[in-house]
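This report describes a structure for a reader who has not met it before. The sequence and the coordinates come next, and the text follows them.

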Amino acid sequence: MWIPIVVGLTVGTLAFRLAGPLIGGVWRPGRRLESGLAMAATVMLAALVATSTVDAGADTGPSAARIAGVVLACAAAWRGLSLPWLVIAAAAVTAGLRVLGVP
Amino acid sequence: MFAYALVGLSFGTLAISAGLPPAVPILLSLLVFAGSAQFAALGVVLGGGGALAAVAVGLVINARLIAYSFAVRDALGAGSATRLAGAHLITDVNTALVLGARDPERPQALFWRAGIAVFAVWNIAVAAGVAFGGRIADTQALGLDAVLPAILFGLIRPALNDGPTARACLAGASLAVLTLPWLPAGAPVLLSLAGLAVGLPPAQR
């Protein structure tokens, strides 16, 4: 299943990146489209944050430790914690809770 | 750059510990070269989604590159081979640098220098993560399953300072979680785009 994913993402992404150099002389995206595309990307990533926190897949399933780790780390990031520390905090809280027996 | 290296290292590690063949994260990083879309595709597949859903989600996230490619068009350089290579190096980072550049001579140098640096750091970090990921026996004990959502949140955190964007994210993410048990895997994340209705201004303006 990974071959179609690699090919599909490669071709589509290259087409996006070539749009400006190829047709920039005749057409330009308006501000409304520009902000719409940026917001669409952010909304979809936000949805993935939520769904991958609740359900990380068949092997892992729902996990109270993971949900607590992600929620706490993201709350800290909301208050200004930087990305590297956010990642470390999420993993550390989750791992720590599992040591304490939280599933 | 440190953040890029850490995110790349995590991508390689998570992909391998999720059971992907080593070539997949390495090829994605070289050919797609877009961290958030790579993580998103991995997240969709880990959540049980199919190839179509993974590609659709990744491409929606990368569609912002269309706008970037118009913005940096004049900074790519001359000659079709140079422009093709330059286009592949378009990222959030060098687009922001070009848009922020004052001196008209500088954009091209800024764009290429940042593009090459990010490409090198990203791909080396992912390859290191791939090498490292194979040595981890118990990803659950290390809490690695919390890393993917945490990184994605870190990537969108700056954008959430915009009120309408934050409201659209809240609506879209809620919709995705509520429909998660009922829809086929991958579909709830695509459905989250309905959250845009909350964030985008009405058409007449």
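What share of the contacts in chain B with a separation of 6 or more comes from residues 24 or more positions apart? The share is 64%. This figure, like the others below, is computed from a predicted model.

**Chain B**

Chain B holds 12 helices and zero strands. Read from the N terminus, its elements therefore run as α repeated without a break: α-α-α-α-α-α-α-α-α-α-α-α. The radius of gyration of chain B is 18 Å, which agrees with the value near 17 Å for a compact globule of 205 residues. Along the principal axes, the C-alpha atoms of chain B fill a box of roughly 55 × 55 × 30 Å. Of its 205 residues, 50% count as buried.

**Domains of the two chains**

The domain assignment divides chain A and chain B as follows.

| Chain | Domain 1 | Domain 2 | Distance between C-alpha centres |
|---|---|---|---|
| Chain A | residues 1–39 | residues 55–103 | 33 Å |
| Chain B | residues 2–158 | residues 162–205 | 23 Å |

In chain B, the contact between the domains takes eight residues from domain 1 and five residues from domain 2. Helix H4 (residues 51–62) of chain B gives the largest share of the domain 1 side, with three residues. By class, that side has four nonpolar, four polar and no charged residues.

**Where chain A touches chain B**

The contact between the chains takes 62 residues from chain A and 77 residues from chain B. On the side of chain A, the elements that give two or more residues are helix H1 (2–23), helix H2 (31–54), helix H3 (64–78) and helix H4 (83–99). H2(A) supplies the largest share of this side, 20 residues. By class, the side of chain A that touches chain B has 40 nonpolar, 16 polar and six charged residues.

**Helix H4 of chain A**

H4(A) has 17 residues, and 24 Å lie between its first C-alpha and its last, close to the 24 Å expected at 1.5 Å a residue. Its buried residues include A:Leu83, A:Leu86, A:Val87, A:Ala90, A:Val93, A:Thr94, A:Leu97 and A:Arg98. An α-helix has 3.6 residues a turn, so residues three or four places apart point the same way. The cover over the buried residues of H4(A) includes H3 of chain A, and helix H1 (2–17) and helix H9 (147–156) of chain B. Just after H4(A), A:Gly101 takes a positive phi of about 100°.

**Annotated regions and a loop residue**

In an unreviewed entry, the UniProt annotation "transmembrane region" covers residues 37–58 and 70–97 of chain A. Over residues 70–97, chain A is 86% helix and 0% strand, and the end C-alpha atoms are 12 Å apart.

Is A:Trp27 buried or exposed? A:Trp27 counts as exposed because it has 10 C-beta neighbours inside 10 Å, and the cut-off for exposed is 12 or fewer. A:Trp27 lies in the loop between H1 and H2 of chain A. From A:Trp27 to A:Val93 there are 66 residues in sequence and 49 Å in space, C-alpha to C-alpha. A:Val93 is one of the buried residues of H4(A).

Methods: Residues numbered from 1 in each chain as written. Chains lettered and ligands numbered in written order. Predicted model: local features only at pLDDT ≥ 70, side-chain atom pairs only at ≥ 80, totals over all residues. Contact = placed C-beta atoms within 7 Å. Helix = DSSP H or I, 4+ residues; strand = E, 2+ residues; numbered from the N terminus. Nonpolar A, V, L, I, M, F, W, Y, C, P; charged D, E, K, R; others polar. Expected span 1.5 Å × (residues − 1). Buried ≥ 20, exposed ≤ 12 C-beta atoms within 10 Å, placed from the backbone. Domains from an automatic or database assignment. UniProt positions renumbered as here; feature names shortened; annotations may be inferred. Rg over C-alpha atoms; globule rule 2.2 N^0.38 Å.
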